[in-house]
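Let's take a walk through this model together, with the viewer open beside the text. We will begin with a single residue and work outward from there.

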Amino acid sequence: MRRAAIPCAVGALAALLLAATATQERERLGPLTRSRAVKLTRPDAPPPDPTNRVADDPRAARLGQFLFFDTRLSSTGKVSCATCHDPALAFADGKSLSEGVGRAGRNAPTALDAAHARWLFWDGRADSLWSQAVGPLENDDEMGGSRVGLARLVATDARVNAAYTALFGPPPDAADARRFPPHAKPDPWAPGDEGAREPSAAAKAWLAMDAQDRRAIDTLAANAGKAIAAYERRLTSRGSPFDRYLDALKKDDAAAEAEYPETAQRGLALFLGQAGCRSCHGGPFFTDGEFHNIGVPALDKTPPKDPGRFLGIERLRNDPFNAHGAFSDDREGERAQRIGALAQPPESWATFRTPSLRNVARTAPYMHQGQFAALKDVLHYYSTLEGTVPVGHHGETVIRALNLTEEQQADLVAFLETLSDPPLPAELTTAPRSPLLEPERAKR
Ligand code: HEC
Ligand code: HEC
């Protein structure tokens, strides 16, 4: 709103005085909090991913978007990535434990902003978005599909085939039923089980295949993952009330600052200060990208048995699709080197990745098993540590009960609620009619 022009000097002085009292009424953030807050500005684009050479190719993003919504990837023909990463639910599913072909043991994190994460999954067992995507495709609780089934889809759907070929060259002729069984995939890696487990029927079929065919199918699965990742790299939203507040802080625009709710501002000050949230939820996505055990009891209240990061590290090292593996486009690069640098300390047992808090108000329920229904329950937990289970190897505590007042908890919730972005445009949230970009768009 514009104020009417003030005709004389006295009027101007009065207006100045008025403005001064208006800003006085409302306490502004102190300099330390302000300087911490502006560091929370989001980068314009996710970090580059040289392990995926099509990461920023619009044609790959289109094919990936098509596959993301394609239920034919699942064994039942009913489940797609979007079943559990539903654009209408901020790319999560609103359930404590995800349900696809079966029921998963963990809560589905949002796919929004996932391209910014260094490690994917609650246990960080994937180090790129593209390698992540192969997991749910074959997971029997999620999509129950297989890489050979995927290859058959790519080979037999003419438009998918064309989109794939334009990016990666012709796919293997997986329609050849003599060489390619309908459903074949290796069993998921588990610790110490080389040769110890009876392979599943799908794994037997996989092992019976020619080594060269297996290699071709693995390449195709990695490539499909790379296309899906190219799409997911676009799922970075912005424009939350908090972003607008940061803009106001940077411009030192008191009037724009005043549009940010006062409760949220108090919550922000707590978050960055006294409540200590920042020590783990720091940075533009409110996560250190690292793993901690904050003692949340399991959903079924049994003693903790999910090894979290401890096993995640081993699974990552043994994943042929990791950044150092044969299917990576940057096998010796920075991402690959991160794997070599990983230790597997016993303290990593039952630790989980600090989740991003961007859009958190849109992705209930919370924690790795969706243990808490609402943000106020999360704050109640941090405040009281009610029901907490002994943390860590020796039962030491990583966090202490914060004893926040009801008002402080409400302020923190009000702050978290300002991290919600407006929904993404429909062209990114719906299944495209074709996996192929129209020629004029592909040229961009
Ligand atoms: C049955 C529900 C389900 C389906 C279907 C599903 N996911 Fe997920 N997704 C999950 C769950 C649960 C997790 C967390 C699993 C874990 O941490 O062990 C997850 C994790 C992720 C993550 C990691 C996010 C992060 O912050 O670490 C991404 C990205 C993702 N899924 C993308 C996909 C893609 C792409 C597909 C399709 C190929 C897919 N998902 C299919 C449930 C599902
Ligand atoms: C010691 C590190 C640490 C501190 C300090 C911390 N958090 Fe967390 N936070 C985590 C981890 C790790 C998880 C996931 C835990 C799990 O799933 O078991 C989490 C989960 C959450 C979630 C659920 C998000 C989701 O998508 O499921 C919210 C909300 C949250 N924290 C807010 C806060 C607030 C507010 C504070 C300060 C009062 C805080 N956290 C302090 C590490 C921390």
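In which loop is the place of M367? M367 sits in the loop between β2 and α15. Please keep in mind throughout that this is a predicted model. The backbone of M367 deserves a look: its phi is near 85°, a positive value in a residue other than glycine. With a relative accessibility of 14%, M367 counts as buried. The loop between β2 (352–353) and α15 also holds P365, and a cis peptide bond joins A364 and P365, with omega at about -5°.

M367 also leads us to ligand 2, since a backbone N or O atom of M367 lies 2.7 Å from an oxygen atom of that ligand. H368 joins in with a polar backbone atom, 2.8 Å from an oxygen atom of ligand 2. A side chain takes part as well: a polar side-chain atom of H281 is 2.8 Å from a nitrogen atom of ligand 2. Now widen the view to the 22 residues around ligand 2, of which C277, C280, H281, M367 and Y382 come nearest. Helix α15 (residues 375–384) gives the largest share of this shell, three residues. By character, the shell around ligand 2 divides into 16 nonpolar residues, six polar and no charged.

Y382 can carry us on to L402, which lies in the loop between α15 and α16 (406–417). Leaving aside neighbours within four places in sequence, L402 is in contact with A275, Y382 and S383. L402 and L385 are 17 residues apart in sequence, and their C-alpha atoms are 8.3 Å apart in space.

C280 offers another path, this time to H292 in strand β1. Not counting residues up to four places away in sequence, H292 touches C280, A350, T351, F352 and T354. The pair H292 and T354 is 62 residues apart in sequence, yet 6.8 Å apart in space from C-alpha to C-alpha. The side chain of H292 makes a polar contact of 2.7 Å with the side chain of D288. H292 is partly exposed, because its relative accessible area is 23% and the cut-off for buried is under 20%.

Strand β1 (291–292) is also what the buried residues of α13 pack against. In helix α13 (residues 309–317), those buried residues are R309, G312, I313 and L316. They cover an arc of only 100° around the axis, so they sit on the same side of α13. The spacing fits a general rule: an α-helix has 3.6 residues a turn, so residues three or four places apart point the same way.

Next, turn to ligand 1. What holds its iron atom on the protein side? The only protein donor of the iron atom of ligand 1 is H85, through NE2 at 2.1 Å. H85 has its place in the loop between α4 (81–84) and α5 (129–138). An N or O atom in the side chain of H85 is also 2.8 Å from a nitrogen atom of ligand 1. Oxygen atoms of the ligand have partners too: one is 2.6 Å from an N or O atom in the side chain of R353, and one lies 2.8 Å from a backbone N or O atom of W122.

Of the 26 residues around ligand 1, C81, C84, H85, F121 and R353 come nearest. At least two residues of this shell come from each of α4, α5 and α9 (211–232), and α5 supplies the largest share, four residues. The shell around ligand 1 divides into 14 nonpolar, six polar and six charged residues.

The loop between α4 and α5 contains D113 as well. Phi of D113 is near 65°, a positive value in a residue other than glycine. D113 counts as buried, at 7% relative accessibility.

Our last stop is helix α2 (residues 31–38), where T33, R34 and A37 are buried. Seen down the axis of α2, these buried residues fall within an arc of 100°, so they line one face of the helix. They pack against α10 (241–251), α11 (254–257) and α12 (262–272). The face of α2 turned away from the buried side carries the exposed residues P31 and L32.

Definitions and conventions: Residues are numbered from 1 along each chain as its sequence is written. Chains are lettered from A and ligands numbered from 1 in the order in which they are written. This is a predicted model: local features need pLDDT of at least 70, side-chain atom pairs count only at pLDDT 80 or more; totals for chains, interfaces and linings use all residues. Side-chain values use heavy atoms; hydrogens and water are left out. Donors are N, O and S atoms within 2.8 Å of the metal (3.2 Å for Na, K and Ca); water is not among the atoms, so sites may look incomplete. A residue is near a molecule or strand if one of its heavy atoms lies within 4 Å of it. A polar contact is a pair of N or O atoms within 3.5 Å; within protein, one must be able to donate a hydrogen and the other to accept it, and residues adjacent in sequence count only if both atoms are side-chain atoms. Ala, Val, Leu, Ile, Met, Phe, Trp, Tyr, Cys and Pro count as nonpolar, Asp, Glu, Lys and Arg as charged, and the others, Gly among them, as polar. Buried means under 20% relative accessible area, exposed over 50%, partly exposed in between (1.4 Å probe, protein chains only). The arc is that of the directions from the helix axis to the C-beta atoms. Contact means heavy atoms within 4.5 Å.
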